[in-house]
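I opened this entry to record what I looked up, one topic at a time. Pockets come first, then backbone oddities and helix packing.

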Amino acid sequence: MNPLLDRLQPYPFEKLRALFADVTPNPAYKPISLGIGEPKHPTPKFIQQALSDNLNGLASYPSTIGAEPLRAAIAGWLERRYGLPPLDPASQILPVNGSREALFALAQTVVDPAQKDALVMCPNPFYQIYEGAAYLSGAQPYFVNSDPGRNFAPDYRSVPDDVWPRVKLLYLCSPGNPTGAVLSLEDWKELFALSDRHGFVIAADECYSEIYFKPEAPLGGLQAAHILGRTGYPRLIAFSSLSKRSNVPGMRSGFVAGDAAILKKFLLYRTYHGGAMSPPVQAASVAAWNDETHVVENRAKYMAKFQQVTPVLQTVLDVELPDAGFYLWAKVDKLASISDTDFAKRLYAEYNVTVLPGSYLARDAHGSNPGRQRIRMALVAEVEECLEAAQRIAAFCRGL
């Protein structure tokens with residue numbers, strides 16, 4: 001067996017199941033889960049129709065590079081969304097089966113397994129795929145703690161100078177999971193300068209980019225590179241997905257875009273890895289990327305939800321509206337001294353509401369765990385259910 005597998009930690013939801021193993025939730029309340037970030041809004045009918053209209057594609061093997069109409073639709077969306085100059089769909093776009101599998105696979109392409117001191121830089125807290133990708137590529141993860149003073153964006157200036165030459169891949173998530181933080185143009189400028197100096201690849205996970213609460217849409221990595229005059233997007237790969245944008249997590253449809261030289265090697269890897277997207281899913285994805293009306297409507301539903309839920313929780317928790325995304329990242333010790341795990345366990349037992357302890361989404365690094373005494377709440381259900389959960393959480397907190 002591959003000994004690197006022994007370095008992987010249980011996924012946060014496995015830890016949560018273990019935490020709840022001896023708990024019987026209060027039967028007076030129906031269960032409400034704010035634990036898993038799985039979109040619950042209905043899938044638009046026109047996407048379902050496009051999928052069913054193209055089932056004859058099941059009779060054909062798909063190509064790893066994807067059909068030209070899909071790559072063109074993705075390129076068109078990127079150009080409209082981020083104000084980019086025309087992209088080359090043949091060399092700068094690659095469809096993937098959801099951003100998760102591509103985020104993992106990129107490390108296997110980029111990191112040289114013969115370099116024993118290689119580092120993969122990850123935000124902390126973080127999406128656990130980054131850590132697993134680092135270990136199974138033969139590298140070590142290096143965690144950069146989020147900074148509450150920077151709206152929970154990672155504090156890259158805290159990284160010692162002697163660390164950067166060992167970094168081969170840097171994962172970032174903007175808007176962030178779980179914090180919702182969006183990197184600024186100045187943040188991008190600093191990271192690009194470090195990438196130029198040390199040669200590492202930046203993997204920009206942007207799957208939450210279309211759920212936001214300010215008038216301006218979140219800045220994207222390709223957009224920042226274009227604004228800063230970085231022609232060809234050197235050492236930059238952006239990842240996105242239809243799961244959150246279009247409420248189709250079961251379609252497993254996303255893309256990577258950016259540096260053509262890296263994508264050429266990534267396509268070679270994926271050809272052997274077997275990462276081709278089903279033809280019916282490709283057709284449905286074309287329809288989704290070409291329509292913006294359903295995205296605007298989806299965003300309005302999240303806006304209404306957060307506007308109702310956040311004030312209820314602010315009476316008992318230290319929590320603010322995030323820049324973007326569909327999570328609330330709350331500190332739980334406003335009314336009483338309690339750990340994030342005890343908070344989650346007691347809330348589940350007394351009010352049958354599931355939240356995710358923040359320490360499960362982070363690691364002890366540089367003397368602290370930035371998720372400790374925090375919880376992540378995924379406001380993915382319809383507004384009535386999320387509001388009821390918020391009211392139960394408020395009642396629980398007042399009883400502490």
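**Second pocket.** I am working from a predicted model. I began with the lining of the second largest pocket, sorted by class: five residues are nonpolar, two are polar and three are charged. I then looked up the names. Asn 151, Phe 152, Thr 179, Asp 318, Val 319, Glu 320, Leu 321, Pro 322, Trp 329 and Arg 374 form this lining. For the volume I noted about 180 Å³.

**Largest pocket.** How much space lies in the largest pocket? I read off about 530 Å³. Its lining takes in 28 residues, and I listed those closest to the centre: Gly 37, Arg 100, Tyr 127, Tyr 208 and Lys 244. Next I asked which elements give two or more residues to this lining. They are helix H1 (12-19), helix H4 (99-110) and helix H8 (242-246). H4 has the largest share, with three residues. By class, I recorded 16 nonpolar, six polar and six charged residues in the lining of the largest pocket.

**Cavities.** I turned to the enclosed spaces. The count came to three cavities of 30 Å³ or more. The largest cavity holds about 110 Å³ of space. I found 14 residues in its lining, and nearest its centre lie Pro 123, Phe 152, Pro 154, Cys 173 and Thr 179. S3, S4 and S5 are the elements that give two or more residues to this lining. I checked the classes too: the lining of the largest cavity has nine nonpolar residues, five polar ones and no charged ones.

I made a note on Phe 152 and Thr 179. Both are in the lining of the second largest pocket, and both are listed among the residues nearest the centre of the largest cavity.

**Phe 152.** I went back to this residue for its backbone. Phe 152 is not a glycine, yet its phi is positive, about 70°. I placed Phe 152 in the loop between strand S4 (140-147) and strand S5 (153-154). Is Phe 152 buried or exposed? Its relative accessible area is 16%, so I entered Phe 152 as buried, the cut-off being under 20%.

**Tyr 233.** Here I met another positive phi outside glycine, about 55°. Tyr 233 sits in the loop between helix H7 (221-227) and strand S8 (236-241). I looked up its relative accessibility, which is 5%, so Tyr 233 counts as buried.

**Cis peptides.** I checked omega next. Asn 124 and Pro 125 are joined by a cis peptide bond, with omega about 10°. Pro 125 belongs to the loop between strand S3 (119-124) and helix H5 (129-136). Asn 177 and Pro 178 are also joined by a cis peptide bond, with omega about 15°. I located Pro 178 in the loop between strand S6 (167-173) and helix H6 (185-198).

**Helix H5.** How many residues of H5 are buried? I counted eight of the eight, so H5 is largely enclosed by the rest of the structure. The buried residues run through Ile 129, Tyr 130, Glu 131, Gly 132, Ala 133, Ala 134, Tyr 135 and Leu 136. I then asked what covers them. The cover includes H4, S3, S4, S6 and strand S7 (201-205). Just after H5, I noted that Gly 138 has a positive phi of about 95°.

**H11 against H13.** I compared the axes of helix H11 (residues 293-314) and helix H13 (residues 383-398). They come within 9 Å and cross at roughly 5°. That angle is under 35 degrees, so I logged H11 as roughly parallel to H13. From H11, I listed Lys 305, Gln 308, Val 309, Val 312 and Leu 313 in the contact. From H13, the partners are Val 383, Cys 386, Leu 387, Ala 390, Gln 391, Ile 393 and Ala 394. By class, this contact has nine nonpolar, two polar and one charged residues.

**Tyr 29.** My last stop was the loop between H1 and strand S1 (32-33), where Tyr 29 is found. Which residues does Tyr 29 touch, leaving out those up to four places away in sequence? I found Glu 350, Tyr 351, Asn 352 and Arg 392. Tyr 29 and Val 353 are 324 residues apart along the chain, and 8.7 Å separates their C-alpha atoms. I entered Tyr 29 as partly exposed, with a relative accessible area of 30%.

Note on methods
Residues numbered from 1 in each chain as written. Predicted model: local features only at pLDDT ≥ 70, side-chain atom pairs only at ≥ 80, totals over all residues. Heavy atoms only, no water. 1 Å grid on protein atoms, 1.4 Å probe; cavity = no way out; pocket = protein on both sides within 12 Å on 5 of 7 lines; lining within 4 Å. Points joined across faces, edges and corners; volume = space filled by probe spheres on them. Helix = DSSP H or I, 4+ residues; strand = E, 2+ residues; numbered from the N terminus. Nonpolar A, V, L, I, M, F, W, Y, C, P; charged D, E, K, R; others polar. Buried < 20%, exposed > 50% of the residue type's maximum accessible area, 1.4 Å probe, protein only. Axes fitted to C-alpha atoms, helices over the stretch in contact; angles between N-to-C directions. Parallel < 35°, antiparallel > 145°, perpendicular 65-115°, else oblique. Contact = heavy atoms within 4.5 Å.
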